[in-house]
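Visitor: Please walk me through the labels on this one, and show me how each of them is earned.

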Amino acid sequence: MKKLMNEVINKINSSKKILVVSHVRPDGDNIGSLSGFTAALALRGLNVTAANCDPVPHNFSFLPGSSNIIPLAQVKQKYDLLIVLDSSTVDRVGVSDLSLYSDFIINIDHHISNENYGNINLVFPEYSSTSQIVYEIIKTAKYKINSDIATCLYTGLMTDTVGFQTTSTNHDVFKMAAFLVKNGAKPNNICREIWQ
């Protein structure tokens with residue numbers, strides 16, 4: 001896992017233009033991991049664009065950076081690197097050919113059904129969410145986590161564990177949640193925005 005994680009980080013750090021996408025019909029893990037990851041890469045000084053086939057649902061529009069996610073249909077250029085989040089198949093992204101966007105794909109996901117379609121496949125079914133994998137990348141790479149990033153990743157973690165109720169909710173999940181709260185995520189505000 002560590003070797004694979006380092007491969008991902010090295011590829012990200014050496015790329016000049018990065019496109020990050022996720023799946024159709026976005027949910028909390030989709031928007032949380034997409035917004036949080038692109039914010040962390042931008043804070044690192046990388047040239048990164050976030051895009052999705054479908055728009056951000058209203059109850060996740062409060063997330064910092066979610067307004068920067070552009071429609072995938074507007075992407076007309078190729079990037080050095082395409083990162084696909086939380087999508088077990090290419091079709092789940094809403095397109096049939098990812099090579100339109102890049103010749104190198106990093107596939108990051110936690111679904112056991114993932115088809116490993118990337119040049120690098122960071123697929124960990126034992127993880128609670130894609131946001132948890134993104135968090136591990138950010139921590140391993142020593143990228144900064146500010147309150148905006150913490151809010152996004154906490155949202156992904158909390159929604160994909162259905163409020164910390166799924167079988168994948170273990171001590172690592174709670175350690176991550178505690179770290180994110182310590183770094184600016186506000187659970188009460190996040191829950192109110194999503195469900196109230």
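Guide: Handedness first: a crossover is right-handed if, with the strands pointing away from the viewer, the path from the first strand over the helix to the second runs clockwise. Helices (H or I, at least four residues) and strands (E, at least two) are DSSP runs, numbered from the N terminus. One caution: this is a predicted model, where local features need pLDDT of at least 70 and side-chain atom pairs count only at pLDDT 80 or more, while totals for chains, interfaces and linings use all residues. Residues are numbered from 1 along each chain as its sequence is written, and side-chain values use heavy atoms, with hydrogens and water left out.

Visitor: Which unit do β1, helix α2 and β2 make, and what makes its handedness what it is?

Guide: A right-handed β-α-β unit, with α2 covering residues 28-43. Looking with the strands pointing away from you, the path over the helix goes clockwise, so the right-handed label applies.

Visitor: How do you know that β1 and β2 pair?

Guide: Two strands pair if DSSP finds at least two bridges between them. β1 and β2 (residues 48-52) have four, in the parallel sense, so they pass. V20 sits opposite A50 of β2. On the β4 side (residues 81-85), β1 again has four bridges and a parallel run, with V21 facing V84.

Visitor: Which strand order does the open sheet have, and what makes β3 and β6 edge strands?

Guide: The order is β3-β2-β1-β4-β5-β6, with parallel pairing. β3 and β6 (120-123) each pair on one side only, and that puts them at the edges. β2 and β3 are joined by two bridges and run parallel; that just meets the minimum of two, so the pair counts. There, N52 has P71 of β3 as its bridge partner. Farther along, β4 and β5 pair over four bridges, V84 being matched with N107. Four more bridges link β5 and β6, also in parallel, and D109 is matched with V123.

Visitor: Why is β5 called mostly covered?

Guide: Buried means under 20% relative accessible area, exposed over 50%, and partly exposed in between (1.4 Å probe, protein chains only). In β5, five of its five residues are buried. I105, N107 and D109 are on one side, I106 and I108 on the other. β1 (residues 18-21) reads alike: I18 and V20 point one way, L19 and V21 the other, and all are buried.

Visitor: Why does D86 count as buried, and which class does K142 get?

Guide: D86 has 2% relative accessibility, which is under the cut-off, so it is buried. K142 has 72%, which is over its cut-off, so it is exposed. D86 lies in the loop between β4 and β5 and has a positive phi of about 60 degrees without being a glycine. K142 is in the loop between α3 and α4, and its phi, near 60 degrees, is positive too.

Visitor: What makes S61 partly exposed?

Guide: Its relative accessible area is 41%, which falls between the two cut-offs, so the middle class fits. S61 sits in the loop between β2 and β3 (70-71). Leaving aside neighbours within four places in sequence, S61 is in contact (heavy atoms within 4.5 Å) with V56 and S66.

Visitor: How do you know how α3 and α4 pack?

Guide: Axes are lines fitted to C-alpha atoms, for helices over the stretch in contact, and angles run from 0 to 180 degrees between N-to-C directions. By that recipe, α3 (residues 130-141) and α4 (residues 147-160) pack at about 145 degrees, with axes 8 Å apart. S131, Q132, V134, Y135 and I138 of α3 meet I149, L153, G156 and L157 of α4. The classes come out as six nonpolar, three polar and no charged residues. Here Ala, Val, Leu, Ile, Met, Phe, Trp, Tyr, Cys and Pro are nonpolar, Asp, Glu, Lys and Arg charged, and the others, Gly among them, polar.

Visitor: How do you know that the chain agrees with a compact globule?

Guide: The radius of gyration is taken over C-alpha atoms, and the globule rule is 2.2 Å times the number of residues to the power 0.38. For 196 residues a compact globule would be near 16 Å, and the chain has 15 Å, so the two agree. The C-alpha box is roughly 40 × 35 × 35 Å along the principal axes, and 52% of the residues count as buried.
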